[in-house]
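Work through the exercises below with the sequence and the 3D structure open. Try each task before reading its solution.

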Amino acid sequence: IEPDVRIRSDRTGAVFDRFQDNPADLLVSNFRPAEPSWDWGKTMDDGGPIWRCLFPLVRVSARALDALVEARRDFGARFQTAGADPQFWPNDEVFTATTLMRLGFDCRDLNAEAEVYDPNTFGYWWPISDRQWAEAGREGLAYHPVLNGDRYFQKLFHLAVRLKDFTALDGAIDALTGVEWD
């Protein structure tokens, strides 16, 4: 569990109890085939299917972890021998999802059996403030990224610059005016 994940529950473990008998080797959020336009997909594109996921909340079996370590070592050796540009090193999400699927492991989305997260409030891009989570978080769900103070503002600012759209940033500043940031 990454530090910017929040789980709305009196007992956080209750969210995970539902997976106690789940035999999946990989349980992760946003697990799906990668879109052809996904930048990270190019780092694993050797003609086979590409898969993607999001890592803030993940469970990996011991046998899957062993296979991933071996595959990463093999990939690294081939990568180095080929003199590949380090910017094309696959991130963990594309590497894990694609490698395990290609090796025939049982990989599933956390929401496959029961709702653990809402894709609108569990992702990479748009942060939720701790205050928003405390006021509106639904019982039994995980949220990501939940940030406060400078980290919240910095994430919004970087997104606004990247997207060249300052509308959301303006709205966040208006919402935060006169409010404690932590």
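**Exercise 1: the largest pocket**

The largest pocket holds about 620 Å³ of space; the model it belongs to is a predicted one. Task: describe the lining of the largest pocket by residue, by element and by class.

Solution.
- Step 1. Start at the centre. The lining has 24 residues, and those nearest the centre are Trp-38, Arg-52, Leu-54, Tyr-124 and Trp-125.
- Step 2. Go to the elements. At least two lining residues come from each of β2 (26-33), β3 (51-60), β5 (117-122) and α5 (149-163). The greatest contribution is that of β3, with five residues.
- Step 3. Sort by class. Eleven lining residues are nonpolar, eight are charged and five are polar.

**Exercise 2: the second largest pocket**

Task: find which helix gives the most to the lining of the second largest pocket.

Solution.
- Step 1. Locate the pocket. Its volume is about 220 Å³. It is lined by 13 residues, with Met-44, Asp-46, Phe-75, Arg-78 and Arg-102 closest to the centre.
- Step 2. List the helices. Both α2 (62-81) and α3 (92-102) supply at least two residues of this lining.
- Step 3. Pick the main contributor. This is α2, with four residues.
- Step 4. Add the classes. The lining of the second largest pocket consists of six charged, five nonpolar and two polar residues.

**Exercise 3: two helices that meet**

Task: state how α2 and α3 are arranged, whether parallel or perpendicular, and list the residues in their contact.

Solution.
- Step 1. Recall what is needed. A pair of packed helices is described by the angle between the axes and by the distance between them.
- Step 2. Read both values. The axes of α2 and α3 come within 10 Å, and they cross at roughly 110 degrees.
- Step 3. Classify the angle. Angles of 65 to 115 degrees count as roughly perpendicular, and therefore α2 and α3 are roughly perpendicular to each other.
- Step 4. Give the hand. The crossing of α2 and α3 is right-handed.
- Step 5. List the contact. From α2 come Ala-64, Leu-68, Ala-71, Arg-72 and Phe-75, and from α3 come Asp-92, Phe-95, Thr-96, Thr-99 and Leu-100. By class, six of these residues are nonpolar, two are polar and two are charged.

**Exercise 4: backbone details**

Task: which residues does a cis peptide bond join, and what is the phi of Asn-30?

Solution.
- Step 1. The cis bond joins His-144 and Pro-145, with omega about -15 degrees. Pro-145 sits in the loop between β7 (142-144) and β8 (146-147).
- Step 2. Asn-30 has a positive phi of about 55 degrees, although it is not a glycine. Asn-30 belongs to strand β2.

Notes:
Residues are numbered from 1 along each chain as its sequence is written. This is a predicted model: local features need pLDDT of at least 70, side-chain atom pairs count only at pLDDT 80 or more; totals for chains, interfaces and linings use all residues. Side-chain values use heavy atoms; hydrogens and water are left out. On a 1 Å grid over the protein atoms alone, a cavity is a set of points where a 1.4 Å probe fits but cannot get out, and a pocket is an open set with protein on both sides within 12 Å along at least five of seven lines; lining residues have an atom within 4 Å of a point. Grid points are joined across faces, edges and corners, and a volume is the space filled by probe spheres set on the points. Ala, Val, Leu, Ile, Met, Phe, Trp, Tyr, Cys and Pro count as nonpolar, Asp, Glu, Lys and Arg as charged, and the others, Gly among them, as polar. Axes are lines fitted to C-alpha atoms, for helices over the stretch in contact, and angles run from 0 to 180 degrees between N-to-C directions. Angles under 35 degrees count as roughly parallel, over 145 as roughly antiparallel, 65 to 115 as roughly perpendicular and the rest as oblique. A crossing is left-handed if the near helix is turned anticlockwise from the far one by less than a right angle, and right-handed if clockwise. Contact means heavy atoms within 4.5 Å.
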